Amino acid sequence: MKSKFLITLAALLMTATAQAAERVKFEMWHGLTGDLGGVVDQVCKRFNDSQSDYEIICTSQGSYDNALQNAIAAYRAKKNPTIVQIFDAGTLDLLLSEAYVPARKLMADNGYKINWDDYIPAISNYYANSKGELNSFPFNSSTAMMYWNKDAFAKIGKTEAPKTWEETFDSLKALKAAGYECPMAWNYDTWPIMEQFSAINNIPVATKGNGYQGLDTEFIVNKGKYVDVIKSLKKAYDDGLVKIKTPDTGATIVQAFANTDCQVMLSSIADHGTVSKTQKPDMKWDVAMLPTLAGVERHNSLVGGASLWALQGKSDAEYKGAAAFFNFIAQPDSALFWSTNTGYIPVTKSGFEFMKAQGFYDKAPYKGRELAIASLNASPVNENTRGIRLGGFVQIRKEMRDALTDIFANKVSVEEGLNSAVERSNVVLRKFEKTYAGKMLP
Amino acid sequence: MEKRATFAMGWLGMAFILPQILLVFIFFYWPTGAAMFWAFTLERPWGGGNEWVGFDNFRQVFADRAYWGSIIRSLMFAASTATLSMAFGLLLAVACDRGLKGYQAFRTVFVWPYAVVAPAAALAFRFIFAPEAGIFSALVKQNPEFWNPAQNGYHAMTMIIICYSWKYAAYCFIFFLAALQAIPRSVIEASALDGASVLRRVFDIQLPLITPTFFFMLVISITDSFQDSFGIVDVMTDGGPGKATELLVYKIYFDGFRGLDYSGAAAQSIVLMLIMMVLTFFQFRYIERRVHYS
């Protein structure tokens, strides 16, 4: 009796391993951790359960930076994964390399017909080449929103979020007058106030179509409206309308907003879930599109997040698996699963429509997230709003942040700070151009 | 008659040292060589071509005013952390060596900070020093200017110096205690019998006798402060506010690994290596003269 059981067990195990051995295994490296990393694991599991030919092995590298660095090191040692997740600012280096398999080629070679026009234009253009063709798959996507505390705004007689910057500063003033210590929280992040600001107000951040038309682009955020908005923000800070909230001060902007210390913040839609989960009970809040400048027609905001790339040097079978995975995550119900469990938005129109039809956006806690799509779809994509393609963008973001810190600490004037940041950023751009001398932007 | 043990067969000796030579080659000369090569080229992160540019990378590094600021900050950091950590390490070691009440427990406890990895220590200190949540929060409520490392560069620098010294004092403590315990008890007992007070014994007998250790710790502390400060800066300040805590090693990490400017980072690490070599040379040349090896 017992031996029979053991034999059956052994037989079962053998068939199980035989089945497992038949499946083609391939790897994906990503940069998400914690809750989000867990959801990626679930997506991978869903894919593995959905078919029996392939098995994806998803590994978190700890952060976007690590995913990028480790993928580079692995690629140089010819031990790279089949798929890697690369964040927005890492796009250009990869695009200029020969390290990837273009998304279109990968899907065509493996017999998948993808409706490339289904991608939300503001998302696909950010990652596409100059011809508008996608080389990677947009994955976790977000955009910046204004989070506002409805209870606080009710006290100043407002039921809607401010639509322009001018209105925003007036509201902040009123909030201060109504006794709120911290009307708005800010953390020196340039993403909402420089990058998103540029697209929404249709102003370039750099010449040559924000860098899309050539590596000889120059950074130009020390002029015109940028100076004005930083000046207003600085003034608001001096008047006590804006408070700095960073981990060094004791609370992030998200924490400060969720515990009602601060009444407004500009942050990614991906934080929508975090705020819902950590908010003070009974707190009423909502998200709104970022403000525009008064009298400016609203344009689409920029996508943030990361995309998935297929790297070179793998077997045909592994690429087949990768193509199947890309096809899987592009399905509407995958989009629903992904967006439900994270704060990220669907990247395709069909995914968005499917989620709308399911009633996803009708009820709390997901209500409001459709505004992120509306923000991305606010206008047709143009030269100033399709994205920012600058070499060494991580360094440029840091130069801007350093300048802003100095400006807000009164070490330099707004003009001086922005001028020196732009000058230093242009040194980075020239070096990048020289590094890729003779290379054409694809 | 010459008395020296040698191997009859030269190759056997070679075979014994080969593993060590291989290790040194693979983990030291090879990476250094690669860094040297990158420093003179423009390296593309994903490979595929690198152009020879001579000394351009170095010229760019030295033309950058922020880089000189970074050198000065690193020197200040090295001087302050070496002084603080050695002073505290020595103080604790002398106290433990005296065998005060409960010294066995303290002897163990004082070593612990060194076992805490830098980012973990930095995370704890970031919380301790947070103006709104940390130890100064009550004072900050009265006067926001009193302590704000998120905006005041001097505060941020003080914060990382304290954090690093806290950790490194433990390392100094181990070495100083070992050195103190190696001093023959009879010397100290003799001076005690002659009526020398505790402090007199410390200054006239113990400290002079441990100068070799003192010198060793000085060299090691300064060298380490250039390299090991990275984890603390990364977690506590990210080099900010502004560039107030951007030390050389953090700048190398940021430009190379975050910014993917491999060549610029390689040039900077060569410069850092040279700075450390020069510093160490001067220490051996001028300070070691005062050291008496028994």
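Contact here means heavy atoms within 4.5 Å, and with that cut-off in mind the tour of this predicted model can start on a single chain before moving to the place where two chains meet.

**Chain A**

Select chain A by itself and colour it by secondary structure, which should bring up 19 helices and eleven strands. If you then look for pairs of residues in contact that lie at least 6 apart in sequence, 77% of those contacts in chain A join residues at least 24 apart. Turn the chain along its principal axes, and its C-alpha atoms fill a box of roughly 80 × 55 × 40 Å. The radius of gyration of chain A is 23 Å, which agrees with the value near 22 Å for a compact globule of 442 residues. Colouring by accessibility next, you will find that buried residues make up 58% of the chain.

**Chain B**

Now hide chain A and select chain B, whose secondary structure comes to 14 helices and two strands. Its C-alpha trace spans about 80 × 75 × 30 Å along the principal axes, and 45% of its 294 residues are buried. Among contacts in chain B between residues at least 6 apart in sequence, those joining residues at least 24 apart account for 69%.

**Where the chains meet**

Show both chains again and select the residues in contact across them, which gives 40 residues from chain B and 40 residues from chain A. The area buried between the two chains is about 3500 Å², with carbon and sulfur atoms giving 51% of that area. On the chain B side, pick out Arg44(B), Trp46(B) and Gln151(B), since these residues supply 26% of the area that chain B buries against chain A, more than any other three residues.

For the polar side of the interface, display the pairs in polar contact between chain B and chain A, of which there are 17 residue pairs with both members at pLDDT 80 or more. Eight salt bridges are counted between the two chains, and a good one to centre on is that between the side chains of Glu399(A) and Lys243(B), at 3.0 Å from N to O.

Which elements of chain B give two or more residues to the side that touches chain A? They are strand E1 (41-43), helix H2 (56-63), helix H13 (248-258) and helix H14 (262-287) of chain B. Select H13(B) to see the largest share, five residues. Finally, colour the whole side of chain B that touches chain A by residue class, and its residues divide into 17 nonpolar, ten polar and 13 charged.

Key. Residues numbered from 1 in each chain as written. Chains lettered and ligands numbered in written order. Predicted model: local features only at pLDDT ≥ 70, side-chain atom pairs only at ≥ 80, totals over all residues. Heavy atoms only, no water. Buried area = accessible area lost by both parts, 1.4 Å probe. Salt bridge = Lys/Arg side-chain N within 4 Å of Asp/Glu carboxyl O. Polar contact = N/O pair within 3.5 Å; in protein donor to acceptor, adjacent residues only side chain to side chain. Helix = DSSP H or I, 4+ residues; strand = E, 2+ residues; numbered from the N terminus. Nonpolar A, V, L, I, M, F, W, Y, C, P; charged D, E, K, R; others polar. Rg over C-alpha atoms; globule rule 2.2 N^0.38 Å. Buried < 20%, exposed > 50% of the residue type's maximum accessible area, 1.4 Å probe, protein only.
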